[in-house]
Amino acid sequence: MPPPPPLTDALVREAESLLLGLLRNDLIGVYVIQDHVLRYANRRFAEMFGYTPDDISNQPALEQFVAPHDRERVLANVARRIRGEASTAHYTFRGKHRDGRTLEMEVFGNRTQLEGRPAIIGLMLDITARKAAEQTTVEQLHFIGQLLEAIPSPVFFKDDQARYLGCNKAFETYIGRQRGELIGRSVFDISPPELAARYHEADQQLFDHPGVQTYEASVESTDGMRKEVIFNKATWLRSDGSVGGLVGVITDITDRKQTEALIWMQANYDPLTGLPNRRLLNDRLAEQIKRAQRDQGSLAVLFIDLDRFKEVNDALGHEAGDQLLMEAARRVVGCVRGTDTVARQGGDEFTVLLPGLSERAPIERIAEDIILALTEPFQLGNEQAYVSASIGITLFPQDADNPVAILKQADQAMYHAKEEGRNRFSYFSPAMQERAMLRVQLGKDLRAALAERQLSLQFQPIPSLCSGSIHKAEALLRWTHPQRGPVPPAEFIPVAEELGLIDAIGAWVFRQAVATVARWRDMQPAGATDEVQITVNASPRQFATGTSLEVLLDELDRRKLPGSCIALEITEGLLLDERPTVTAQLARLSAAGIQISLDDFGTGYSAMAYLKRMDIHTLKIDRSFIRDLTTDPSDLAITEAIIAMAHKLGLEVVAEGVETEAQRDCLIAAHCDYGQGYLFARPMPEDAFLELIACQPA
């Protein structure tokens, strides 16, 4: 069988039918140009420009189909091929539709010979729609590019092999690298190994489970600085639905992390000493209790209170007080192990947690070291100050099994150490808790006592030792509890001070005392020259607020009584209090004529300079000197010296605790002004006191 003829031969034989098919197609315009005339144009060509073939046949070549600004270029292109300078051409130009619209056209032309003369046969496509679509795509890409650069957050994108495809300017700035250094590279090429491994693992998880991903990590820039960030990443898909890569956005949270750390520090550490505060102490205590329970271990807790810190703080100022607290904290930390916790409870109180200790010997060694360290002098600027420490110790699990109870018991043990004389430590015992509970109940009952009129005043005369006449008396507060009976003032006054009730109680006492002195004055015979006076004990806490003192001044003013009919009995400790409020209150009382009596003189500081500086009217010699006045020459000498000194300073003297005539005679011989004690009279209710006054000789 002979081989088939070549395809070229078949095409030649069918050339006429093929050419006709090409010319009649509905997609491509076909044209022939010769002698600058459009010799032929098929229907599609004519329709593209809004004409029919008859409208344009044998018309001047292409001028009417080309927009003016492209006409010169198109005609030059045609002319070059006619002249034989080029055989083919492929270009685009802007065409002109019959209705004036501009078209985008694409030309494929070829030089040929027609009837022995040069001609051009060409194909023309209307690409207006395609160009519009391409322009839209270009604009969209341009918009996306501008949008990407406008985003202030660093943005990056990678392929499905986690290699960088690009980023925005913010990303370049953030990590300190140009995008040219990134494209085609992986995180292992640009990041420290440990960070790169973290990024790669996250990328792989996202590729394995396409979608979105958020996590926190660190980023290191080229200058070595690390920043804390949040990565928000998502996969992007190709047109066939397969994963093409990922895009990520970085949010810098360095400032937030630093703020969180600062807030955490402020919430958990004392800003003055840098020690853990009460909150962190409670957390650590709870954690160490859990650990001790799990490991059947033990824990000792030390509660430390600085003795006489308030006096230093008041005398030298808060800045010096802060310096002392910082140095005290440093000393306490120096006495414990590195595994122990030292915390500041607040004020001048510290707590130490000693995990793993149950034997008393090592616990006491630490407590003694702390006490010794805190007794050393504190250099506060140009001043030296001295404090000591009272320490309460409680043990887990022997004493309690929860943080609240442990701290409460350590606090109770610390107060017991103070009661025992300070500058020592004391272990918790159940008896302390019983006393503390009684104290709490006493506080509750005391609140009710004032409202239910369980309080009363009794009056003890203070006669003149020279004449025996009574022109002075001391008002003594008494509390008769409905179940417990009489409660000693030494027991309930500290509770009243601690609970903040002392001012209200003091105001009540002042009203009662002023009312009594008013009735006493009314009993005085006409023409009497001796002024009567009631002495009232005043707590230092009353001078801090001054509310009850205002009541005293108002009562005197309301009853038109002179200030000298009331004397306030204060302690030497208050005399040393240099706070402006206390000094101002003392000066105001003195200006109102109210006299100040200094109680228990000789047992406290006995600072003579303060006697001279302050407006003190009376000294009371403590009963401890009067008790052995007739048997102990030293007590007699001290008493005589106090009386002589007071008289030299223009002060009157009251001796308290006078119980025998021999004591009275010694005091008279020493020229003491007044006496107070059971020899003369016991404290008595107001009615009995006024009856006694009424019976004394005129």
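Here a biologist asks a modeller how the terms used for this predicted model follow from its values.

Biologist: What kind of model is this, and which residues count for local features?
Modeller: This is a predicted model, in which local features need pLDDT of at least 70 and side-chain atom pairs count only at pLDDT 80 or more, while totals for chains, interfaces and linings use all residues. Residues are numbered from 1 along each chain as its sequence is written, and side-chain values use heavy atoms, with hydrogens and water left out.

Biologist: Why is W479 called buried or exposed?
Modeller: Buried means under 20% relative accessible area, exposed means over 50%, and partly exposed lies in between, with a 1.4 Å probe and protein chains only. W479 has a relative accessible area of 1%, so W479 is buried. This residue lies in strand β20 (residues 470-481), where helices (H or I, at least four residues) and strands (E, at least two) are DSSP runs, numbered from the N terminus.

Biologist: Which residues is W479 in contact with, leaving aside neighbours within four places in sequence?
Modeller: Contact means heavy atoms within 4.5 Å, and by that rule the partners of W479 include L442, L446, L455, P486 and F492. One of these partners, F492, is also among the buried residues of helix α17 (residues 489-499), together with V495 and A496.

Biologist: What makes F492, V495 and A496 lie on the same side of α17?
Modeller: The arc is that of the directions from the helix axis to the C-beta atoms. The buried residues F492, V495 and A496 cover an arc of only 100 degrees around the axis, which puts them on the same side of α17. The face turned away from that buried side carries the exposed residues A490 and E498, and α17 is followed by G500, whose phi is positive, near 80 degrees.

Biologist: What makes a set of residues a nonpolar core, and which residues touch the most other members in the largest one?
Modeller: A nonpolar core is a set of buried Ala, Val, Leu, Ile, Met, Phe, Trp, Tyr and Cys residues joined through side-chain atoms within 4.5 Å. The largest nonpolar core has 68 residues, of which W520, I534, F543, I566 and L568 touch the most other members. The largest share of this core, nine residues, comes from helix α18 (residues 502-523). A second, separate core of 36 residues includes V312, A320, I366 and L395. In soluble globular proteins, nonpolar side chains tend to be buried together.

Biologist: Which residues does L568 touch, not counting those up to four places away in sequence?
Modeller: Among them are F510, V536, F543, L549, L589 and I596.

Biologist: How many cavities are there, and what makes a space a cavity?
Modeller: On a 1 Å grid over the protein atoms alone, a cavity is a set of points where a 1.4 Å probe fits but cannot get out, and lining residues have an atom within 4 Å of a point. Grid points are joined across faces, edges and corners, and a volume is the space filled by probe spheres set on the points. By this rule there are two cavities of 30 Å³ or more, and the largest holds about 60 Å³ of space.

Biologist: How do the residues lining the largest cavity divide into nonpolar, polar and charged?
Modeller: Ala, Val, Leu, Ile, Met, Phe, Trp, Tyr, Cys and Pro count as nonpolar, Asp, Glu, Lys and Arg as charged, and the others, Gly among them, as polar. The lining, which includes I462, K472, Q533, E569 and K620, divides into three nonpolar, five polar and three charged residues. Strands β22 (533-537), β23 (566-570) and β25 (618-621) each supply at least two residues of the lining.

Biologist: What is the phi of Q296, and why is Q296 called buried or exposed?
Modeller: Phi of Q296 is near 55 degrees, a positive value in a residue other than glycine. Q296 has a relative accessible area of 75%, so this residue is exposed, and its place is in the loop between α11 (278-295) and β12 (299-307). R308 also has a positive phi, near 65 degrees, but at 43% R308 is partly exposed. Most residues other than glycine have a negative phi, and most peptide bonds are trans.

Biologist: Which residues does a cis peptide bond join?
Modeller: The bond joins F396 and P397, with omega about 10 degrees, and P397 has its place in the loop between β17 (388-396) and α15.

Technical notes
On a 1 Å grid over the protein atoms alone, a cavity is a set of points where a 1.4 Å probe fits but cannot get out, and a pocket is an open set with protein on both sides within 12 Å along at least five of seven lines; lining residues have an atom within 4 Å of a point.
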